[in-house]
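This briefing covers one protein model, beginning with overall dimensions and ending with its aromatic rings.

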Amino acid sequence: MAGTTPGNIGVDGVEGGVGLTALMVAAARAIETHRHDTLARDIYAEHFVLAAPASAGWPVRMQQVPDGDANPLWGRFARYFGLRTRVLDDFLLRSVQPGARQVVLLGAGLDSRAFRLDWPPGCVIFEIDRKGVLAFKHKVLDGLSATPKAARVPVPVDLRADWVGALADAGFDPAAPSIWLAEGLLFYLPSAAETYLIDTVDRLSAGGSALAFEVKLDKDLLEYRDSPLYTSTTHQIGIDLLDLFDREPRPDSTGDLGSKGWSTSVRTPFDFTRHHGRGPLPEQNDALAGNRWVFANKPRP
């Protein structure tokens, strides 16, 4: 995931499940960066992994994985995160072209898009996450003398607190079109929190805004308990994702947006594997089978 809201992360390291998942995704992006057929490049990702004691020994290149792409975590699952990164990069850059210049990363985690994407002039990237998360990221990027390619505005607040007020105080303008991203976030939120977040994004979005987020089909996630992706994550890096995911019945956020006038498109990751010619393909007992990527646009008046 990109977001890290329910976990704990500190300036000098990471503790807790969701903080570790942010590092897991960073390691996956690092591995993807060094592939000969890379889908997305994130030159900062490996530095986050190496800077945190909890993940300093994890691989950041495929050559460091003894069984290579046959490894369910650092092979197929990491490639999934690489594909997701590429698809959402493309969404963001495509969405700002019509004139929207505010981008809000909900649960930004170790996202480095403000630094690595070629933003049009005038873009402002609001990164919402807890203070410790943003401080850790700031420390690593400062050590690299990294320079953002757009105005970057950290918003240090937990999404369970008054993030709307904090975003407004940071300069967000609800009268202007905005682009919202909730990458790998909603799995971890209770149903009511997801509904509140989607309703709030709608309320704060002027016409011409866009939103992308990731959901799972509403089913018993424990059916995937023996999936190689989840068992390998537990055994290799000690993260039991199924214990972190909220297992309440999920709201129909896509339908809710449609009822509010947004146009929506729901895609599977495998759609983009076929489009790009590389990425994960369906398997038996597949933990990715229920994943959906949702893209929504709010029409201009």
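For a chain of 301 residues, a compact globule would have a radius of gyration near 19 Å, and the value of 18 Å for this protein chain therefore agrees with that expectation. The model is a predicted one. Its C-alpha trace spans about 55 × 45 × 35 Å along the principal axes.

**Fold and packing**
- The protein chain contains 11 helices and 9 strands.
- Of the 301 residues, 58% are buried.
- Among contacts in the protein chain with a separation of 6 or more, 76% join residues 24 or more positions apart.

**Surface and charge**
- The exposed area of the protein chain is about 11,800 Å², and carbon and sulfur atoms supply 52% of this area.
- There are 37 negative and 32 positive side chains in the protein chain.
- The centres of these two sets of charges lie 5 Å apart.

**Aromatic rings**
- A pair of aromatic rings is described by the distance of the centres and the angle of the planes.
- With ring centres required to lie within 6.5 Å, the count comes to 15 aromatic pairs.
- The ring centres of Tyr80 and Phe81 are 5.5 Å apart and the planes meet at 65°, so this pair is edge-to-face, the class for angles over 60 degrees.
- Tyr80 has a relative accessible area of 1% and Phe81 one of 4%; both are therefore buried, the cut-off being under 20%.
- Tyr80 and Phe81 also belong to a cluster linked by ring pairs, together with Phe77, Phe91, Phe272, Trp293 and Phe295.

Conventions. Residues are numbered from 1 along each chain as its sequence is written. This is a predicted model: local features need pLDDT of at least 70, side-chain atom pairs count only at pLDDT 80 or more; totals for chains, interfaces and linings use all residues. Side-chain values use heavy atoms; hydrogens and water are left out. Helices (H or I, at least four residues) and strands (E, at least two) are DSSP runs, numbered from the N terminus. The radius of gyration is taken over C-alpha atoms; the globule rule is 2.2 Å times the number of residues to the power 0.38. Buried means under 20% relative accessible area, exposed over 50%, partly exposed in between (1.4 Å probe, protein chains only). Contact means heavy atoms within 4.5 Å. Accessible areas come from the Shrake-Rupley method with a 1.4 Å probe; for residues, only the protein chains shown count as cover. Lys and Arg count as positive and Asp and Glu as negative; His and the chain ends are not counted. The place of a charge is taken as NZ of Lys, CZ of Arg, CG of Asp or CD of Glu. Rings of Phe, Tyr and Trp (its six-membered ring) pair if their centres lie within 6.5 Å; planes under 30 degrees apart count as stacked, over 60 as edge-to-face and the rest as tilted.
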